[in-house]
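Colleague: Could you take me through one part of this predicted model in detail, namely the place that the UniProt record marks as a binding site, and then set that part against the rest of the chain?

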Amino acid sequence: MQHQNITFIGGGNMGKSLIKGILNAGYPKEKVTVSTPFAEEINTLKQTFGINGLTDNVEAVKNAEIVVMAVKPQMMHDVLTQFASSGIDFSKKLLISIMAGVTTGRIAELVPGLTRIVRVMPNTPALIGLGMAGLFPAAGASEADKKFAEDLLGCCGKTVWVDSEEGIDNITSLSGSAPAYFFLFLECMANKAAEYGFSEKDARSMLEQVILGSAQMVINNQDKSIAQLREAVTSKGGTTYEALKVFNESNLNDIVSRALDACKKRAEEMSKQF
Ligand SMILES: NC(=O)C1=CN([C@@H]2O[C@H](COP(=O)(O)OP(=O)(O)OC[C@H]3O[C@@H](n4cnc5c(N)ncnc54)[C@H](OP(=O)(O)O)[C@@H]3O)[C@@H](O)[C@H]2O)C=CC1
Ligand SMILES: O=C(O)[C@@H]1CCC=N1
């Protein structure tokens, strides 16, 4: 991929995941800058990654060809209005936004001249190169902009393009927030392991192996449906059947469906709120 000057506004959970992801893939450190308000945090980021760091967002984007907005949606208005009044020509920059529930139209509205925008919904496994990201281009994004965004997120895992802002909200529900769903399930299982008397260490090791093994089974058996993999574990009149019966009696499918819809609905609300 092309190595252009890239500035991350915000170096929190997701910003750090993407920075680590691109550095691991060989992006040159000297071309990467991060900006957050606290000097102490900047020093940590500089030391951890060997990249440039500033506490002034406007200063940080002056020489950037690419700006990645990795702040919370609540901070977006302050940051973008700072950019708008800075006198910097944003028509020359590509802005990649990872902010949940913030439309490309809203971003363009706040920064006059800015048209080259790609909205992205990544997830935290980007940190280890196993991310999943959805991408949506604003009308002003060029083919080169789209390629850059795809290559950038491709450094951190898999990518998929969607053809609407709603598609990004769907991806938010299906993969952006999804690591937390699986972590919650593991937490519930860890609670039961503790109740059974397993040490935290043994429980964690067991759960790590179960989720890793299950994920790898899904990946390695492309000729089988996920339902078939489940059925292969579920012996007739056996133990798994009883466990699954409890999930089904509580209508797990409906619970998952409602949870994902709630996630998407919040993204939609946020697009009106911020
Ligand atoms: N976490 C996730 O799994 C995902 C998050 N996202 C999106 O990524 C974005 C960031 O989320 P996340 O990383 O979790 O949040 P964090 O709170 O972890 O990170 C936000 C970062 O922005 C910094 N910040 C706060 N105010 C400013 C400012 N005015 N200028 C510059 N930097 C600022 C914070 O600094 P400080 O800590 O010092 O306040 C922090 O480094 C959100 O918009 C979210 O929707 C998208 C996909 C997945
Ligand atoms: O919870 C959130 O709002 C962010 C977006 C997707 C994952 N975390």
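Modeller: In this predicted model, G12 lies in the loop that runs between β1 (6–9) and α1 (13–24), and G12 is partly exposed because 13 other C-beta atoms lie within 10 Å. G12 is one of the residues that UniProt, in an unreviewed entry, lists under "binding site", the full set being I9, G10, G11, G12, N13, M14, A70, V71, K72 and P73. Those residues span 65 residues in sequence, yet no two of their C-alpha atoms are more than 13.9 Å apart, so they gather at one spot.

A70, also on that list, sits in the loop between β4 (66–69) and α4 (73–84). Unlike a partly exposed residue, which falls short of 20 neighbours, A70 has 26 C-beta neighbours inside 10 Å and therefore counts as buried. Leaving aside residues up to four places away in sequence, A70 touches F8, I9, G10, G12, M14, G15, L18 and I98; I9, G10, G12 and M14 among these are also named in the record's site.

Beyond α4, S86 is placed in the loop between α4 and β5 (94–97). S86 is partly exposed, since 15 other C-beta atoms lie within 10 Å, and the C-alpha atom of S86 is separated by 16 Å from that of L54, 32 residues apart along the chain.

Further along the chain, the unreviewed UniProt entry annotates residues 165–270 as "domain: Pyrroline-5-carboxylate reductase dimerisation". Over residues 165–270 the chain is 84% helix and 0% strand, and the C-alpha atoms at the two ends are 13 Å apart. Two helix pairs can be described here.

In one pair, helix α8 (residues 178–195) packs with helix α9 (residues 200–220) at an angle of about 140°, the axes being 10 Å apart, which makes α8 oblique to α9. The crossing of α8 and α9 is right-handed. On the α8 side the contact is made by F182, L186, M189, A190, A193 and A194, and on the α9 side by A203, R204, M206, L207 and I211. By class, the residues of this contact of α8 with α9 divide into 10 nonpolar, no polar and 1 charged.

In the other pair, helix α7 (residues 165–176) and helix α12 (residues 252–273) pack at an angle of about 140°, with 8 Å between their axes, and the two are therefore oblique to each other. The crossing of α7 and α12 is right-handed. Here D169, N170, T172, S173 and L174 in α7 meet L260, C263, K264, A267 and E268 in α12, and the residues of this contact divide into 4 nonpolar, 3 polar and 3 charged.

As for the chain as a whole, its secondary structure comes to 12 helices and 8 strands, and its C-alpha atoms fill a box of roughly 70 × 40 × 35 Å along the principal axes. Buried residues make up 34% of the 274 residues, A70 being one that counts as buried. Among contacts between residues at least 6 apart in sequence, 66% join residues at least 24 apart.

Terms used:
Residues are numbered from 1 along each chain as its sequence is written. Chains are lettered from A and ligands numbered from 1 in the order in which they are written. This is a predicted model: local features need pLDDT of at least 70, side-chain atom pairs count only at pLDDT 80 or more; totals for chains, interfaces and linings use all residues. UniProt positions are given in the numbering used here, feature names are shortened, and annotations may be inferred rather than shown by experiment. Helices (H or I, at least four residues) and strands (E, at least two) are DSSP runs, numbered from the N terminus. A residue is buried if 20 or more other C-beta atoms lie within 10 Å of its own, exposed if 12 or fewer, and partly exposed in between; C-beta atoms are placed from the backbone. Two residues are in contact if their C-beta atoms, placed from the backbone, lie within 7 Å. Axes are lines fitted to C-alpha atoms, for helices over the stretch in contact, and angles run from 0 to 180 degrees between N-to-C directions. Angles under 35 degrees count as roughly parallel, over 145 as roughly antiparallel, 65 to 115 as roughly perpendicular and the rest as oblique. A crossing is left-handed if the near helix is turned anticlockwise from the far one by less than a right angle, and right-handed if clockwise. Ala, Val, Leu, Ile, Met, Phe, Trp, Tyr, Cys and Pro count as nonpolar, Asp, Glu, Lys and Arg as charged, and the others, Gly among them, as polar.
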